[in-house]
Amino acid sequence: MKKLEKLKKDYDEIEIPSELEGLVKDSIRQAKSAQKKPRRVKKWSLASAAAAALFVGSINVSPAWAQSMSSIPGLGAIVEVFTVQKVAIDEETYQANLTTPAIEGLENNELQNSLNEKYIEENKVLLEQFEQEVAGMKEIGEGHLGIDTGYEVITDTEQLLSIARYEVEIGGSSSMTMKYDTVDKENSVLITLPSLFKDDQYIDVISLYIAAEMKRQMAVDEEISYFTSDDITSEFSTIKPDQKFYITPTNKLVIAFDEYEVAAGYMGVVTFEIPTNIIDDLLVSDKYIK
């Protein structure tokens, strides 16, 4: 319990130095340098994790280098995604591996900062939740808990950047959740699902397609199991207006569902690529989806 209290105290009391910009630039430089060669992740005890973790309360990266590169004729904006923070905790039956991405090179510095701060805050909150749950388990003298977070760049074209972030929690059972961000690199705009369409008709059109596709897949493969109208309990009926999504390198819209959201747990995270021809008339333009 004392170790957890010390961890929380150390983590909460990390001071943000006045030389923030220099610190962040050094961190970014070190992160990039480390990615050029294989690196062994050092294991920390729960008590020392906070002191070891790189935590920056606000990322304020100067985009001067990226802007200078983008000014070269014929060369688009240089946007990079890299690991800015990595925390590994290994203590008896409690393990955590948290990896945080950062973006550099967007012309919209406000958008870039907000995304980077969001990614850091997500893992900070998860670490705090982890320590609280571990503290409760230690009080009763039993329990096992593991958490793993990371990211993947799904799309990185001259126009678009789609980043997926995953969280896997292992306790009595395991579960995975995903988060996605898709950015228009040319205009430095964060793309939302509603922003792609003229109105909310897309909700019904996409939902009907997914429901039919679920049944089609189950008909040809008995190992596939979705929650459909044939189920007595929960069933898929409609996507949310802001349903998780990303755009592929070939400009296709993909709708994503977390584990257990629309299918049996063994199916994991499931995705559906939506045929452009069924939503073509509903799109604001063919700029992103083709």
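What percentage of the 290 residues in the protein is buried? Buried residues make up 43% of them. Keep in mind as you look around that this is a predicted model.

**Stop 1: the whole chain.** Show everything as a cartoon and you should find 7 helices and 9 strands. Switch on a surface, and about 15,200 Å² is exposed, with carbon and sulfur atoms supplying 51% of that area. If you like contact maps, take the contacts between residues at least 6 apart in sequence: 64% of these join residues at least 24 apart.

**Stop 2: the sheet.** Now select the open sheet, whose 6 strands run in the order β1-β2-β3-β4-β5-β6 with mixed pairing. Its edge strands are β1 (80-91) and β6 (189-191), each of which pairs on one side only. Look along the sheet and you will see a twist that averages 20° from one strand to the next.

Next, add helix α5 (residues 109-140), which packs on the sheet and touches β1, β2 (94-104), β3, β4, β5 (174-184) and β6. The direction of α5 makes about 175° with that of β2.

**Stop 3: across the strands.** Select residues 145-156 and 160-170, which are strands β3 and β4; they pair in the antiparallel sense over 10 bridges. Show T155 and you will find it opposite S162 in β4. From S162, step on to β5, where the bridge partner is T182. Strands β4 and β5 are also antiparallel, with 11 bridges between them.

Continue to β6, which pairs with β5 in the antiparallel sense over 3 bridges. Here V183 stands opposite L190 in β6. The two strands form a hairpin with 4 residues between them, and S188 in the turn has a positive phi of about 50°.

**Stop 4: the aromatic rings.** The protein has 5 aromatic pairs. Select Y226 and F272: their ring centres are 5.6 Å apart and their planes meet at 45°, so this pair is tilted. It links distant parts of the chain, 46 residues apart, with Y226 in the loop between α6 (201-220) and β7 (245-247) and F272 in strand β9 (residues 270-274). Y226 counts as buried at 5% relative accessibility, and F272 does too, at 2%.

Keep F272 and add F257: these ring centres lie 6.0 Å apart with planes at 80°, so the pair is edge-to-face. F257 sits in strand β8 (residues 253-257), 15 residues from F272 in β9. Both F257 and F272 are buried.

To finish, show Y226, F236, F257 and F272 together: ring pairs link them into a cluster.

How values were computed:
Residues numbered from 1 in each chain as written. Predicted model: local features only at pLDDT ≥ 70, side-chain atom pairs only at ≥ 80, totals over all residues. Heavy atoms only, no water. Pairing = 2+ DSSP bridges. Axes fitted to C-alpha atoms, helices over the stretch in contact; angles between N-to-C directions. Contact = heavy atoms within 4.5 Å. Buried < 20%, exposed > 50% of the residue type's maximum accessible area, 1.4 Å probe, protein only. Areas by Shrake-Rupley, 256 points an atom, 1.4 Å probe, with all protein chains shown as cover. Phe/Tyr/Trp six-rings, centres within 6.5 Å; stacked < 30°, edge-to-face > 60°.
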